[in-house]
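Me: Got a model I'd like to talk through with you. Can you take a look and answer a few quick questions?

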Amino acid sequence: MTYLAKPRLRHPTLAVNKVGYTRRDYEGKISTLCAGCGHDSISAAIIEACWELDIEPHRVAKLSGIGCSSKTPDYFLGASHGFNTVHGRMPSVLTGANLANRDLLYLGVSGDGDSASIGLGQFAHAMRRGVRMAYIVENNGVYGLTKGQFSATADQGSKSKKGVVNTDSPVDLVAMALQLGASYVGRGFSGNKAQLVPLIKGAISHGGSAFIDVISPCVAFNNHPGSTKSYDYVREHNEAVSRIDFISGRDEISVDIEPGEVMDVRQHDGTLLRLRSLHPDYTLGDRHAAMAYMQRHQEMGEVVTGLLYVDPLATDLHTALNTSGRPLNALGPAELCPGASALERLNASLR
Amino acid sequence: MTQQQIEAVNDFVIKFANVNGSGSASANELFAKAILRMGVPVSPRNIFPSNIQGLPTWYEVRVTEDGHLGRRGGTDMMVAMNPQTWDADVAELAPGGYLFYDSTRPLPPSRFRDDIRVIGMPLTEICNAVYQDPRQRQLFKNIVYVGALAVLLGIEPEVVEKLFGEQYKGKEKLLASNVQALHLGCDFARENLREPVGLQVRRADRVGGRIFVDGNSAAALGCVYGGATVAAWYPITPSSSVAEAFQKYCSKFRVDPATGQHRFAIVQAEDELASIGMVVGAGWNGARAFTATSGPGISLMAEFIGLAYFAEIPITLINVQRGGPSTGMPTRTQQADILACAYASHGDTKHVLLFPEDPHECFAHAAAALDLADRLQTPVFLMTDLDIGMNQRLCEPFAWDDSQAYDRGKVMSADELEAGRDFGRYKDVDGDGIPWRTLPGTHPTKGSYFTRGTTRDAYARYSERGPDYIYNMERLLKKFATAATLVPQPVLRPAARKTALGVIYFGSTSPSMHEALDALEAQGIHLNAMRLRAFPFPESVAQFVAQHEQVFVVEQNRDAQMRSLLVNELNADPARLIRVLHFDGTPITARFIVQAIATHVHPTKEAA
Ligand SMILES: Cc1ncc(C[n+]2csc(CCOP(=O)(O)OP(=O)(O)O)c2C)c(N)n1
Ligand code: SF4
């Protein structure tokens with residue numbers, strides 16, 4: 001199934017990564033989103049992360065639901081297959097795709113309406129199942145594509161552009177992901193690329209279900225005073241628990257570690273997540289502590305960002321199902337069909 | 001006893017009235033199988049309400065030397081083991097019939113009828129005397145009555161013993177205790193129930209090489225043979241056993257002996273939305289994938305079915321139909337999802353449906369559905385029902401030709417892309433309406449595209465241009481016309497003589513239809529019969545309708561859904577298509593069909 005990249009002609013001044021691609025090779029179509037939309041910054045971060053990770057673009061399958069956020073896969077990794085599925089149901093489609101071919105990298109992109117309302121069930125169950133993927137929610141607290149209705153992640157008491165106050169309590173996808181068994185959970189901010197890129201790199205390299213909630217302000221409908229998902233609000237209230245660096249396995253030796261401040265988390269594939277804890281009281285790798293910390297700060301009106309939890313040795317659904325190492329979509333009749341003689345024996349047993 | 005007793009050899013209906021959860025199911029099945037082993041065809045049916053434990057269930061066995069496998073109607077012998085349904089069960093017996101019951105607790109004469117013969121046996125007393133454990137007392141009661149019935153009806157106990165031997169191979173203790181229970185029943189009957197019974201089973205040679213299996217297992221096996229590797233499902237009666245059987249067969253046939261790794265992935269999803277979503281994802285990514293469900297599940301899946309149709313993703317759905325609408329009669333049979341499936345989802349859609357008549361075709365058509373889905377890149381529905389799905393049927397053995405390859409359809413390889421073949425995901429290159437696709441990960445620079453439910457041009461580029469939309473929608477119609485040439489073609493059963501009457505039927509109606517055709521012929525009513533096996537309708541269906549003045553359309557739903565489909569899709573003259581509808585949730589009987597058609601053909605004669 002896989003196909004080796006051929007040497008390609010490229011502009012001599014553009015930097016190439018280890019697999020011979022320039023950043024441009026990770027771009028997609030021109031975005032049609034509003035200028036300044038947080039989602040575009042996330043696309044840029046995905047492009048950066050994949051380039052830095054030396055991923056061959058065509059080895060990524062990018063799937064999404066429906067919404068402005070879900071349109072974004074068309075705007076990055078133009079050489080990968082993309083799938084804009086139905087509203088809220090990307091997780092199941094991604095799960096099926098992943099079952100069919102475990103050799104690709106799966107990137108799920110969704111919005112807060114998509115994942116926290118109509119798709120809440122699918123979101124939850126994909127986390128439970130441990131589908132290996134990087135699931136990114138571009139969270140702006142509103143329905144962008146349908147023009148400004150509150151989504152289920154809008155904070156209680158926050159105001160819509162028209163001044164309507166949201167009375168419902170919010171769904172916190174990070175808390176849910178933690179509770180449901182996601183093995184890599186982080187929160188980012190589209191306006192903080194330095195934090196977001198390594199967060200995405202870690203998610204892509206993670207061996208289980210990785211979830212990142214990215215606060216991504218909607219400039220059209222949710223970037224006003226009174227919104228808790230506006231650029232200004234998030235900048236002012238951001239509370240980063242950690243700074244992470246993502247280090248590919250092969251670079252590991254050249255890194256010098258300063259004890260006390262830095263924690264290295266080695267993953268299955270040998271890569272390292274290097275966490276510089278900004279808060280000495282934050283313990284990574286403890287779901288309950290992560291939840292408590294986050295909620296405490298949320299009550300103080302702070303948006304905690306960074307990598308909140310990771311189980312570096314997490315495995316995935318394929319491990320649980322004990323699926324063939326060769327992708328299921330590559331198996332042929334010789335491996336799949338028991339054949340006529342087995343059928344004869346079966347017939348005999350049914351007489 | 002005022003009434004003549006019913007006398008019949010190898011041609012009667014016996015019904016077991018039991019309490020759900022009492023362990024009667026396997027004993028009753030054993031009874032049916034013993035008759036089969038004596039070379040006499042049987043056709044059993046589970047009749048069970050929607051509940052788990054404690055409520056009534058019935059198991060009806062039609063013993064039929066002539067091989068009529070449809071439900072006959074009427075009961076010649078009742079094995080009344082459920083006090084709760086006693087009165088109704090007794091009332092159901094045909095005059096001259098036989099009532100077999102547990103006489104441990106005596107019943108007043110008012111609970112019986114004087115035109116039937118009553119055979120009492122103190123089953124509880126016998127079991128309580130022999131067994132200490134309450135569960136054993138309960139379970140072996142069933143085996144004891146099988147032993148007694150064997151003696152009464154002339155079933156050879158050795159045949160039952162042999163069946164036990166096969167069932168409990170290697171479990172000697174279980175084997176011995178079951179054989180003991182069997183003999184308890186046989187001995188009691190020989191000693192105490194001496195008056196001969198008019199219903200008899202006699203050895204015959206009418207079963208041949210046929211197999212005895214339920215349609216759900218057969219469909220699951222068809223999915224194994226057809227190369228399905230991903231199955232996602234959500235429990236719903238009467239389809240759950242498809243997925244469960246798939247799991248069973250995969251564990252048997254698809255585990256790599258060297259590594260223990262599975263060449264399949266089965267997920268019990270959180271709901272039908274997720275199960276079909278997973279199938280769509282797997283189909284998009286090049287695995288053969290299916291789900292099994294029933295009516296309510298189809299309703300939930302509708303949005304995804306539309307996506308798969310429009311985005312052209314191969315998926316297979318096994319719809320084991322039950323009584324609708326809504327929760328309807330969840331444990332009863334119907335053919336009532338035809339329109340819901342043919343046009344599932346919103347907008348203009350049309351889907352490929354296959355209608356297997358029995359487990360043999362459930363197997364063959366399930367495998368064919370996987371091929372068709374890949375070939376056509378579209379959803380394909382296997383439309384079975386509770387009657388075929390959950391009842392064991394005598395049918396032709398499964399057949400497989402090892403030289404047949406899977407038809408993976410038009411998948412463009414990396415080499416073809418590399419060689420410069422033009423790739424337009426939604427381009428009709430071959431004139432059959434079926435475009436080429438590439439699988440994710442195929443080639444570093446060529447052949448990737450973006451799949452979406454919105455309109456696009458032939459190169460899969462987002463487009464809201466009217467002409468792009470129309471090109472695409474018309475190509476989908478062309479593809480559907482191609483499908484009509486690829487699906488299983490209808491089966492014609494011509495009348496013995498020239499006639500202007502025709503009848504169209506499909507699916508589980510088949511055995512009753514055959515019996516009805518024989519009976520109608522005996523009355524001088526001749527019909528050419530066409531069994532539909534698929535939608536879209538091949539050319540021959542339109543011809544068949546055109547060739548007859550009147551065509552009866554026999555189906556098991558209220559609204560004549562297949563007839564609507566024929567009128568709508570073939571532009572057939574509605575006046576020629578006469579409804580014959582059975583929809584009370586029980587399987588259609590030959591008696592019903594004969595009555596409906598004969599009344600129509602000779603209205604005055606029937607009225608007289
Ligand atoms: C759309 C749909 N899918 C499936 C079903 C079948 N169904 C009926 S009850 C049930 C499970 C109920 O489970 P639960 O609520 O836990 O109750 P329990 O039976 O365990 O008491 C299912 C799957 C249905 N009725 N409708
Ligand atoms: S409406 Fe909001 S979310 Fe949608 S593109 Fe515009 S800014 Fe982004």
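**Ligand 2 and the A–B contact**

Reply: Starting with the ligand: around ligand 2 sit Leu33(A), Cys34(A), Cys37(A), His39(A), Cys68(A), Asn140(A), Gly144(A), Cys218(A), Val219(A), Ala220(A) and Phe221(A), where near means a heavy atom within 4 Å. This is a predicted model, in which local features need pLDDT of at least 70 and side-chain atom pairs pLDDT 80 or more, while totals for chains, interfaces and linings use all residues. Residues are numbered from 1 along each chain as its sequence is written, chains are lettered from A and ligands numbered from 1 in written order, and side-chain values use heavy atoms, leaving out hydrogens and water.

Me: How do the residues of that shell around ligand 2 divide by class?

Reply: Eight are nonpolar, three polar and none charged. Nonpolar here is Ala, Val, Leu, Ile, Met, Phe, Trp, Tyr, Cys and Pro; charged is Asp, Glu, Lys and Arg; the others, Gly among them, are polar.

Me: OK, switching to the interface. How many residues does each of chain A and chain B put into the contact?

Reply: Chain A gives 62 residues and chain B gives 68, with contact meaning heavy atoms within 4.5 Å. About 5,400 Å² is buried between the two chains, and carbon and sulfur atoms give 62% of that area. Buried area is the accessible area (1.4 Å probe) lost on putting the two parts together, summed over both.

Me: And how many salt bridges between chain A and chain B?

Reply: Three, counting a side-chain nitrogen of Lys or Arg within 4 Å of a carboxyl oxygen of Asp or Glu. One is Arg452(B) with Asp74(A), whose closest N and O atoms are 2.7 Å apart.

Me: Which parts of chain A supply the side that touches chain B?

Reply: Strands E1 (60–64) and E2 (81–84), plus helices H3 (90–100), H5 (120–129), H11 (333–336) and H12 (339–349), each supply at least two residues. Those are DSSP runs numbered from the N terminus, helices (H or I) of at least four residues and strands (E) of at least two. H3(A) has the largest share, seven residues. By class, this side of chain A has 29 nonpolar, 24 polar and nine charged residues.

Me: Which strand of chain B does E2(A) join up with?

Reply: E17(B), residues 450–452, running parallel to E2(A) through three bridges; strands pair if DSSP finds at least two bridges between them. Asn84(A) stands opposite Arg452(B) there.

Me: New topic: where are the cis peptide bonds you'd point to?

Reply: One runs from Thr237(B) to Pro238(B), omega near 0°, and Pro238(B) is in the loop between strand E10 (230–233) and helix H8 (240–253) of chain B. Another goes from Phe535(B) to Pro536(B), omega near 10°. Most peptide bonds are trans.

Me: What about phi of Asn322(A)?

Reply: Near 55°, positive in a residue other than glycine. Asn322(A) lies in the loop between helix H10 (317–321) and H11 of chain A.
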